[in-house]
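User: Please take a close look at one part of this model, the packing of its helices against one another. I would like the geometry of each pair set beside the residues that make the contact.

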Amino acid sequence: MATTGQGNKLLNTRLCELLGCEYPIIQTAMGWIADPTLVASTCNAGAFGFLAGAVMTPAEVDEGIKQIKAKTDKPFGVNFHMYTPGAMEIIDICIKHKVRAVSYSRSPAKSMIQKLKDANIVCIPTVGALKHAVKAVEMGADAVVVQGGEGGGHTGAVASNILLPQVVDALDVPVIASGGFKDGRGLISALSFGAEGIAMGTRFLMTQESPVPSTTKEKYIATSTEQVIVSTKLDGMPQRMINNPYLQQLQTKSPLGMLILAIRNGLEFSKGAIIPMLISAWKMKKANGMTLGETMMAGNAPMMIQEAMVKGHPDQGILPSGQIAGAIKDLPKGSELIASIVSEATETLARLSRLSGSEVKNTNNEESAESTAAT
Ligand SMILES: Cc1cc2nc3c(=O)[nH]c(=O)nc-3n(C[C@H](O)[C@H](O)[C@H](O)COP(=O)(O)O)c2cc1C
């Protein structure tokens, strides 16, 4: 594996070596959000970005990778689901383009992981529970993103500061903390737990480069921490989202009400393709034990997310979000975000080192971290 992690030696961890980035900061994949522009800007700023390939066809992933390469010469990664029909094709595309890393979560396949590793591609699954972290390494993971329950999108039940040290103690590979991070203090807290970096979704969603329409970004800015709740109503799995009027409506629906809403959505958003949708929902219902309405709503989920995240109608669709949205009140450029995280992390280290009576040196520029932070 090539090792090119350099830059701020103070924050240099095994993750920087593994991914070839300057800082131990990952921009995670978010469907329809982690596009080539966001990924390239993240990587150009010294962090590491993942393209949201899980909502793309293999051809779109191929095109997305080409666009990233046109915008940066830094290493980057691709996220995808190993259980989807196009998974093997996406793997071949990642190998062809020599992408640095892939991320994945549900239903990993050992043979696919092996194929990626044979091609020298770093495999980094996201897990939300200790047992899944252990299993992920048994299956070949080179590093593991551990997402606490604060995190956005599908998420687990255990908070980051309980789950993270448990996973760090159990694994030898680099562990990356995720769920509820936004700044340099958070980065240092993660490193103090034994993690080797942080991975953030919501914080990157709320940047200038994120393609989310401004109406929807404003909704995130206006949200409070308490308004970001976990619900299984969208697709049967616990998912953290902003409790907007649409989700409030979903939360109170009976099975019949869900069915009616799902059919209405299907008619409105799927250009009338309601019959095939009903047939596939009926087949899925048999397999997963959910009601027909719940199964249809799960099928509608991508459309409902796009309604808010792509079309810019934040109250008429779904807004996946980490709780941290409630603590974010700005929309910086990606480069400003990374610089501020690094600066605050350095400052925090200097503050902590004063507690121990020692002084931290910034090996990047040979000045003390304290004086760097003060400028
Ligand atoms: C809007 C949004 C969309 C997401 N889409 C995906 C996705 O397509 N694939 C995925 O693996 N994770 C997805 N996630 C989860 C994030 O990649 C990441 O794990 C999570 O946001 C981390 O928690 P944080 O938001 O507190 O930083 C999404 C999260 C958000 C907020």
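Analyst: What follows goes through three helix pairs in turn, with the geometry of each before its contacts.

This is a predicted model, in which local features need pLDDT of at least 70 and side-chain atom pairs count only at pLDDT 80 or more, while totals for chains, interfaces and linings use all residues. Residues are numbered from 1 along each chain as its sequence is written.

Helix 2, covering residues 36–44, packs against helix 3, covering residues 58–71, at an angle of about 40 degrees and with the two axes 9 Å apart (helices are DSSP runs of H or I with at least four residues, numbered from the N terminus; axes are lines fitted to C-alpha atoms over the stretch in contact, and angles run from 0 to 180 degrees between N-to-C directions). Helix 2 and helix 3 are therefore oblique to each other (under 35 degrees counts as roughly parallel, over 145 as roughly antiparallel, 65 to 115 as roughly perpendicular, and the rest as oblique). Their crossing is right-handed (the near helix is turned clockwise from the far one by less than a right angle). On the helix 2 side, P36, T37, V39 and A40 meet G64, Q67, I68 and K71 of helix 3 (contact means C-beta atoms, placed from the backbone, within 7 Å). By class, this contact of helix 2 with helix 3 has four nonpolar, three polar and one charged residues (Ala, Val, Leu, Ile, Met, Phe, Trp, Tyr, Cys and Pro count as nonpolar, Asp, Glu, Lys and Arg as charged, and the others, Gly among them, as polar).

Helix 3 also packs with helix 4, residues 87–96, at an angle of about 20 degrees, and here the axes lie 9 Å apart. Helix 3 and helix 4 are therefore roughly parallel to each other, and helix 3 passes helix 4 in a right-handed crossing. The residues P58, V61, D62 and I65 of helix 3 meet E89, I90 and I93 of helix 4, a contact that has five nonpolar, no polar and two charged residues.

The third pair joins helix 8, residues 184–192, to helix 15, residues 334–355, which pack at an angle of about 55 degrees with their axes 7 Å apart. That angle makes helix 8 oblique to helix 15, and the crossing of helix 8 and helix 15 is right-handed. From helix 8, G184, R185, L187 and I188 take part, and they meet I341, V342, S343, E344, A345, E347, T348 and L349 of helix 15. By class, the contact of helix 8 with helix 15 has six nonpolar, three polar and three charged residues.

Note on methods. Helix = DSSP H or I, 4+ residues; strand = E, 2+ residues; numbered from the N terminus. Contact = placed C-beta atoms within 7 Å.
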